[in-house]
Each structure stands twice: as C-alpha cells, then as structure tokens.
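Visitor: I should like to be guided through this protein by question and answer. May we begin once the model is displayed?

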Amino acid sequence: MKPSLNLIGLYFLFVHCAGPSSSSLANDHETIVIGGGLMGSSTAWQLAKQDQAVLLLEKQDSIYQEGSSYGQARIARSNNRGHDMWSYLHNTAVAETQILVDYLQGVAPDQGYAIDQIYTTNPVTYVGRQAIYDQLLASLLHQEIDYALALTPEEGQAKFDVQLPQGVLMQREYNPLSGTLNPQQLIRYLHRALLYQGQAIRYNTGVENISFNTQLDRYVVHTTDSQTGEKQRLYAKNIVSAAGPYTGRLLKDVAPYFAQLIQPQRVFLAFL
Ligand SMILES: Cc1cc2nc3c(=O)[nH]c(=O)nc-3n(C[C@H](O)[C@H](O)[C@H](O)COP(=O)(O)OP(=O)(O)OC[C@H]3O[C@@H](n4cnc5c(N)ncnc54)[C@H](O)[C@@H]3O)c2cc1C
C-alpha cells in the first residue's frame, strides 16, 4: 500500500518533533569514553560487548607514553585463602581478560594473542607467627593452589633459602596468572579488540571541556587535535570520563559535585 499524503505529512512532523538522531546531528554518538588508559579502554570494551556504539577519545598518540597506566608491570594478585575482595577482583579481571584474548584469537588467530603476555605468575609469600599455625593448616586443607610451607628455621632455609626466626612460619603459593599485569599490553589488546569490533578510537584528541545542551538532550564534547590544532564539537547521549586525575576537572561544568565527592582526587571513573 502506498502511504497517503497525510501519512507522509505525519512522518515529517514526527521526524521534526522527535529528539535528535544520529542522522540529524553530525558527530552524534551513543557513548563517548574519554581517556584510553586501563580504565577507559576496559570500559569501552565492556560497553562494546553489550552492543553499544562507542567512540574512545585519547589525547596521546596510539602508543601510550604517559599516565597512570604507563609501564610494563603492576601488582595484580589473588590467593586461595578465604574469599577476600582483592582475590575476587583479580580473578574476575583474569576471567574477563581471557574473554578478550579468546575474542582476539578468534578474529586474528595468527597474531599470537595470549593471556600470559598480560599476566605473569609470581609467587605470593605469607609470613606469620606460629600462633596462626592451626588456622593456616585448616585453610590449607582446602587449598587447590600449589604451595610450599616452612614451619621451622631449618625448613625455611631448605625450602626458601630464607633465615626464618624461631616461632615464625612461611608459606609461598603459586597461583597461575597471579603476580603482575602488563598494563600497556592490556591497553594494546583492548584497542585492537575495539577496532576489530568496528568501534572508533581517536588518538591525539584532547577533550577541553564538556557541556550539556538541553535542547538537543546531548552532552557536547569540545575537542582539540593535538597535531593539527583543529577544534571540534562531538555530541553524545552518554559520557564516560576516564581521564585519570583530570576526570574531575573535565566534569566541572556538567557534574560540579564530582570533584568534592571523591577525595583524594586520584584515579577514578565517572559515568554520566
Ligand atoms: C608508578 C605506579 C605504580 C602503580 N602500581 C600499581 C600496582 O602495582 N597495582 C595496581 O593495581 N595499580 C597500580 N597503580 C595504579 C594503576 O596503574 C592505575 O590505577 C591505573 O593505571 C589507572 O588507569 P586510568 O585509566 O584510570 O588512568 P590513566 O592510565 O592515567 O588513563 C587516563 C587517560 O586519559 C587520557 N586523558 C587525560 N586527559 C584527557 C583529555 N582531556 N582528553 C582525552 N584524554 C585524556 C590520558 O592521556 C590517559 O591515557 C600504579 C600507578 C602508578 C603511577
């Protein structure tokens, strides 16, 4: 059936009255993530996995050279004792990283993606007084991770080449992928996965400030290209600010309370 003139008129009325869509507003994005360090890159990847269209903005070049995530190693450990928060976080992160690696291996099998390029196994050592001996042995009954235990100075010398004082015991355990994390490698993996997934990353793009346009119902992200100096306005329904210590400053016009909420003002993420 051909649409009647009235229906066509209604359609145009609807289009003109409806809020902005990606077709009516140039540079409109579902979600803009600011900052391509560990936090921003991981968040962009998690959103992409949930089928969100993401634009990641990073003021540095594609080679990460400064910021909290710079370097080859960070302590990232779990143990087999109890269910402490750090072990939970580490184990969750390892499981998530495995999903990332599996994805990359699936799309680019010949590129050598492997989780042990990101996590390195290092032993975790516990030293305690003999008073915790019973408690320790009870917990080790359920220990699935390989461990070595020294209960006397002689055993300390023989097993660990360490001079243990009398009355002190030492346990060392070898939890696979618990030890250190290579943040730069993880960032590289995350960016590659985002690009394979069809998401967008803009390097050399520094965000100057963010405002909110109530008429458009969009955040307006003002950027400067660090190489050409070109300024641009980008629009987004959602913003994730993961600019490390600069996050609070970036949000001063849209979420002025943020800087006061988090003390000390170190590294944090903000979802708007
Ligand atoms: C020396 C050191 C040792 C550490 N050791 C450990 C450890 O052993 N274990 C551990 O768990 N944690 C450790 N940390 C902390 C951990 O590294 C950080 O928590 C983590 O890397 C923070 O990541 P991030 O993405 O929040 O910040 P960053 O890595 O700083 O990322 C922020 C990104 O935002 C970009 N950016 C900033 N402003 C803008 C803007 N206006 N526009 C666009 N982009 C912008 C920056 O260029 C940067 O890439 C350590 C940190 C340091 C510095």
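**Strands, helices and the ligand shell**

Guide: Valine 33 stands opposite valine 240 in β12. The model is a predicted one, and strand β1 is a suitable place to start.

Visitor: Which residue of β2 does valine 33 stand opposite?

Guide: Strand β1 pairs with β12 (residues 231-241) in the parallel sense over 6 bridges. It also pairs with β2 in the parallel sense, over 4 bridges. In β2, the residue opposite valine 33 is leucine 56.

Visitor: How many of the 7 residues of strand β1 are buried?

Guide: Across the protein, which has 272 residues, 26% count as buried. Strand β1 (residues 28-34) is mostly covered, and its number of buried residues is 5.

Visitor: Is valine 207 buried or exposed?

Guide: Valine 207 is found in strand β10. Leaving aside neighbours within four places in sequence, valine 207 is in contact with Ile34, Leu57, Val221, His222, Thr223 and Leu250. A residue counts as buried when 20 or more other C-beta atoms lie within 10 Å of its own. Valine 207 has 21 such atoms within 10 Å, and therefore it is buried.

Visitor: What distance separates the C-alpha atoms of valine 207 and glutamine 232?

Guide: Along the chain, valine 207 and glutamine 232 are 25 residues apart. Among contacts in the protein between residues at least 6 apart in sequence, 61% join residues at least 24 apart. The separation of the C-alpha atoms of valine 207 and glutamine 232 is 9.5 Å.

Visitor: Why do the ends of helix α6 agree with the span expected of 14 residues?

Guide: Helix α6 covers residues 183-196, and the expected span follows from 1.5 Å a residue. The expected span uses one less than the number of residues. The prediction is therefore 20 Å, and the end C-alpha atoms of α6 lie apart by 20 Å.

Visitor: Which elements do the buried residues of α6 pack against?

Guide: The buried residues of α6 are Pro183, Leu186, Ile187, Tyr189, Leu190, His191, Ala193 and Leu194. An α-helix has 3.6 residues a turn, so residues three or four places apart point the same way. The elements packed against by the buried residues of α6 are α2 (38-49), β2 (54-57), β3 (74-76), α3 (85-107), β8 (179-181) and β9 (200-202).

Visitor: Which residue just after α6 takes a positive phi?

Guide: The phi value concerned is about 90°. The residue, placed just after α6, is glycine 198.

Visitor: In the sheet with the order β5-β7-β6, which strands stand at the edges?

Guide: This open sheet of 3 strands has antiparallel pairing. Its neighbouring strands are turned by 15° against each other on average, direction ignored. A strand with a single partner is left without a neighbour on one side, and so the edge strands are β5 (124-129) and β6 (146-150).

Visitor: Which residue of β7 is the bridge partner of alanine 150?

Guide: Strand β7 (residues 168-174) is joined to β5 by 6 antiparallel bridges; there, arginine 129 partners valine 168 and threonine 125 partners arginine 172. Strands β6 and β7 pair in the antiparallel sense over 5 bridges. Within β7, the bridge partner of alanine 150 is methionine 170.

Visitor: At what angle to β6 does helix α5 run?

Guide: Helix α5 comprises residues 153-160 and lies across β6 and β7. Its angle to β6 is about 140°.

Visitor: In the sheet with the order β3-β8-β4, which residue of β8 is the bridge partner of threonine 121?

Guide: This sheet is open, has 3 strands and pairs in antiparallel fashion. Its edge strands are β3 and β4 (119-121), each pairing on one side only. Strands β4 and β8 are joined by 3 antiparallel bridges. In β8, the partner of threonine 121 is glycine 179.

Visitor: Which elements give two or more residues to the shell around the ligand?

Guide: The ligand is surrounded by 26 residues, the closest being Gly35, Gly37, Gly67, Ser69 and Gly244. The elements that give two or more residues to this shell are α2, β3 and β10 (205-213).

Visitor: How many charged residues are in the shell around the ligand?

Guide: By class, the shell has 13 nonpolar and 10 polar residues. The number of charged residues in the shell is 3.

Terms used
Residues numbered from 1 in each chain as written. Predicted model: local features only at pLDDT ≥ 70, side-chain atom pairs only at ≥ 80, totals over all residues. Buried ≥ 20, exposed ≤ 12 C-beta atoms within 10 Å, placed from the backbone. Contact = placed C-beta atoms within 7 Å. Near = placed C-beta within 6 Å. Nonpolar A, V, L, I, M, F, W, Y, C, P; charged D, E, K, R; others polar. Pairing = 2+ DSSP bridges. Axes fitted to C-alpha atoms, helices over the stretch in contact; angles between N-to-C directions.
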